[in-house]
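Thanks for making the time this morning. I would like to walk through one structure with you, and I will go slowly over the terms as they come up.

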Amino acid sequence: MFGDLKSAAGVKALNEYLAENSYIEGYVPSQADTAVFQALKGAPGSDTPHALRWYNHIKSFGEGMKQFAKSKKNAADYTSGGAAAPAGGDDDDDVDLFGSDEDEEDDEEKKRITEERLAAYAAKKSKKPALIAKTSVLLDCKPWDDETDMDAMLTSIKTIEMDGLLWGASKLVPIGYGIKKLQVMCVVEDAKVSIEELQEKIEEFEDFVQSCDVSAMNKI
């Protein structure tokens, strides 16, 4: 998909793809991100800012990359082959609204073909699904002390189910004095899930959670 990711062309193709996408597949990190990350020879340059942003984000998970969800495609599909097609392409250009003049001999026939193609174009546009606004959220969940069972905290948090909420990867981050905070990623549909309400639900697990704050947000 991206070609040789150790080449400038491969990194450029990756950068163009990530200009329109947060991750290699879907809305949360997956093993596809791990495969592409490992195929790079190092951090992309500043001339490919989207690829560099993604690289630093994936790198921050460290060993947590092993928890990423299974990818839909084989790793080779992303790390070999030709470069990706430009992001955001729309096949509307394939619709020829006016046809070719070369084979048209009759004005009425030309008018009929044009009207048919305009009708087909309008029908195609009307069938396109409406975009659903989503946000990728990274939450910081802090425990009371270094004796808090962090595995139990994560298990409890992921029992929260809401329409439009999808849980993702997690990792523990040291904050001092032997205490670690839990960082957990999720994707929410903006129209269905209130991030403030989600934080309140997490803080209800008061045996484990001292506080829950938003560390990062990214509109999808």
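Let me begin with D163 and K192, whose side chains meet in a salt bridge with 3.5 Å from N to O, where a salt bridge means a side-chain nitrogen of Lys or Arg within 4 Å of a carboxyl oxygen of Asp or Glu. The pair links distant parts of the chain, since D163 sits in the loop between α6 and β2 while K192 sits in the loop between β3 and α7, 29 residues apart. For the element names, helices (H or I, at least four residues) and strands (E, at least two) are DSSP runs, numbered from the N terminus. D163 is exposed, with a relative accessible area of 56%, and K192 is partly exposed, at 44%; buried here means under 20% relative accessible area, exposed over 50%, and partly exposed in between, with a 1.4 Å probe and protein chains only. Salt bridges that share partners also bring in E189, so that D163, E189 and K192 form one network.

Before I go further, a word on the source: this is a predicted model, in which local features need pLDDT of at least 70 and side-chain atom pairs count only at pLDDT 80 or more, whereas totals for chains, interfaces and linings use all residues. Residues are numbered from 1 along each chain as its sequence is written, and side-chain values use heavy atoms, with hydrogens and water left out.

How many salt bridges does the count come to by this rule? The count comes to six, and I would like to show two others. The side chains of K181 and D140 meet at 2.9 Å, N to O, and this pair too links distant parts of the chain, with K181 in strand β3 and D140 in strand β1, 41 residues apart. Are these two partners buried or exposed? K181 is buried, with a relative accessible area of 13%, and D140 counts as buried as well, at 9%. R112 forms a salt bridge with E116, the closest N and O atoms being 2.5 Å apart, and because these two residues are four residues apart in helix α5 (residues 107–126), they are separated by about one helical turn. Both count as partly exposed, R112 at 36% relative accessibility and E116 at 43%.

That brings me to the strands. Eight bridges join β1 to β3, which run antiparallel, and D140, which we have just met, stands opposite Q183 in β3; two strands are said to pair if DSSP finds at least two bridges between them. β2 and β3 also pair in the antiparallel sense, over nine bridges, with L166 standing opposite V187 in β3. The hairpin of β2 and β3 has two residues between the strands, and in this hairpin Y177 takes a positive phi near 55°. β3 is mostly covered, with ten of its eleven residues buried.

Next, helix α7 (residues 195–203), in which I195, L198, Q199 and I202 are buried. Seen down the axis of α7, its buried residues fall within an arc of 100°, so they line one face of the helix, the arc being that of the directions from the helix axis to the C-beta atoms. The face turned away from this buried side carries the exposed residues E196 and E200. What do the buried residues of α7 pack against? They pack against β1 (134–143), α6 (150–157), β2 (165–176), β3 (179–189) and β4 (209–219).

Finally, the nonpolar cores, each a set of buried Ala, Val, Leu, Ile, Met, Phe, Trp, Tyr and Cys residues joined through side-chain atoms within 4.5 Å. Of the 25 residues in the largest one, F2, L14, I24, V36 and W54 touch the most other members. α1 (8–18), α2 (31–39) and α3 (49–59) each supply at least two residues of this core, and α1 gives the most, with five residues. Apart from it lies another core, of 20 residues, among them M150, C186, V193 and I202.

To close on two residues in detail, V36, leaving aside its neighbours within four places in sequence, is in contact (heavy atoms within 4.5 Å) with F2, L5, L14, I24, W54, Y78 and T79. A39 lies in helix α2 and is buried, with a relative accessible area of 15%; with such neighbours again left aside, A39 is in contact with L5, K6 and T79.
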